Amino acid sequence: MKKVLLTALLAAFLVYVVYDTFFTGSVLLKRGRLCDYTAAGSVYEDIPSAIHRGIRLLEVHVYSDERDEPVVSMVPQNSGRDFTDNNVSFEQVCIDIANDAFPSKDPFVLSIVSHTDKSVTLNKVAEHLQTITRHHLIDKKITSIETSPIDSHANKLILVSGGNMQGSALEPMLDMSWSDSNIRRLTYQQALHPRDSDELIRYTRDHIVIVSPQPELKTITANPNTPLAFGCQWNLFAHEPPGFVAKSSPA
């Protein structure tokens, strides 16, 4: 009986160590700052499929439908198709993230691009996040997300946005905003041909750059990973490798 009890206790301890190691990072995993890691992203893609491939960076383009409900377009609006022809509810996006993106040793980054300034719609975005993903939201007492240890955000949802959020319930929920100085959102061409490459390299040492798609570009002939040379960490053009990868120092 004692042998069985000892075996059970040992098994329970091993389960705890494995979970704490790989899902919270507090025992054995000791990695660097969030800004020291790159992430390949996804946009305009079936969200469960992207998450199941290991993607930890997702950008959604949010519109207001005829009932002021937030919906996410699955195609670029200027691709010749109206967003109402192909969209999913923002509520469903939250459900997919809550069900499929966790548990994980890595955070999950949700970049929200709002194409509406309706407070009622943005407030519903905030409501869905607060009710469906509430267990994964980051404590707002934590500041400087970009320079905090990546392991401190295991199992957490990092909310990123900018622009027309002022006065909505979503604004205070954001962890990072490209309206501030801790993150920049550049188009692929801006990242590929920066005005001041040395300044961009300096910036990415302690801050984060997200490289966003340009819907007017039907194809990309250059290497989608080129912005990495300037230290740009979050790339919505690159799909491999999934997850967060320690970046090499730019030359």
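This is a short walk through the fold, its central strands, its unusual backbone points and its empty spaces. The model is a predicted one.

Start with the whole chain. The protein chain has six helices and eleven strands. There are 251 residues, and 46% of them count as buried. Contacts reach far along the sequence. Among those with a separation of 6 or more, 69% join residues 24 or more positions apart. The accessible surface comes to about 12400 Å². Carbon and sulfur atoms hold 55% of that surface.

Now go inside, to strand β9. This strand covers residues 208–212. How many of the five residues of β9 are buried? Five of the five are, so β9 is largely enclosed by the rest of the structure. The burial holds on both faces. Ile208, Ile210 and Ser212 lie on one side. Val209 and Val211 lie on the other. Each of these residues is buried.

Next, look at the neighbours of β9 in the sheet. Strand β8, residues 183–187, pairs with β9 in the parallel sense. Five bridges link the two strands. One of the bridge partners is easy to find: Ile183 is matched with Ile208 in β9. Strand β10, residues 234–235, also pairs with β9. This pairing is parallel too, over two bridges. Here Val211 stands opposite Asn235 of β10. β9 therefore has parallel pairings with both β8 and β10, and its enclosure follows from the burial of five of its five residues.

Stay on β9 and pick out Ser212. Is this residue buried or exposed? Ser212 is buried, because its relative accessible area is 2%, and the cut-off for burial is under 20%. Its contacts show what surrounds it. Leaving aside residues up to four places away in sequence, Ser212 touches Arg185, Leu186, Thr187 and Tyr188, among others. Its contacts also include Leu236 and Phe237. Glu59 is another contact of Ser212.

Move to strand β5, which spans residues 108–114. Val109 sits in this strand. At 1% relative accessibility, Val109 counts as buried. Which residues does Val109 touch, not counting those up to four places away in sequence? They are Arg56, Leu57, Leu58, Ile158, Val160, Trp234 and Phe244. Take Ile158 from that list. Val109 and Ile158 are 49 residues apart in sequence. In space, their C-alpha atoms are 4.7 Å apart.

The loop ahead of β5 has a feature of its own. Pro103 is found in the loop between α3, residues 90–100, and β5. A cis peptide bond joins Phe102 to Pro103, with omega at about 5°.

Two further loop residues deserve a stop. Tyr44 is found in the loop between β1 and α2, residues 47–52. Its phi is near 55°, a positive value in a residue other than glycine. Tyr44 is partly exposed, with a relative accessible area of 22%. Asp68 is in the loop between β2 and β3. Phi of Asp68 is near 65°, again a positive value in a residue other than glycine. Asp68 is partly exposed as well, at a relative accessible area of 23%.

Tyr44 leads on to the enclosed space. The structure holds one cavity of 30 Å³ or more. The largest cavity has a volume of about 40 Å³. Its lining includes Val43, Tyr44, Glu45 and Ile47. Leu58, Glu59, Val60 and His61 line it too, as do Val72, Ser73 and Met74. The elements that give two or more residues to this lining are β2 (57–64) and β3 (70–73). β2 gives the largest share, four residues. By class, the cavity lining has seven nonpolar, two polar and two charged residues. Glu59 links two parts of this account: it lines the cavity and touches Ser212.

End at the open space. The largest pocket has a volume of about 220 Å³. It is lined by 17 residues. Which of them are closest to its centre? They are Thr38, Asn225, Leu228, Pro241 and Val245. The elements that give two or more residues to this lining are β1 (37–43) and β11 (244–246). β1 gives the most, with three residues. By class, the pocket lining has eight nonpolar, seven polar and two charged residues.

How values were computed
Residues numbered from 1 in each chain as written. Predicted model: local features only at pLDDT ≥ 70, side-chain atom pairs only at ≥ 80, totals over all residues. Heavy atoms only, no water. 1 Å grid on protein atoms, 1.4 Å probe; cavity = no way out; pocket = protein on both sides within 12 Å on 5 of 7 lines; lining within 4 Å. Points joined across faces, edges and corners; volume = space filled by probe spheres on them. Nonpolar A, V, L, I, M, F, W, Y, C, P; charged D, E, K, R; others polar. Buried < 20%, exposed > 50% of the residue type's maximum accessible area, 1.4 Å probe, protein only. Contact = heavy atoms within 4.5 Å. Areas by Shrake-Rupley, 256 points an atom, 1.4 Å probe, with all protein chains shown as cover. Pairing = 2+ DSSP bridges.
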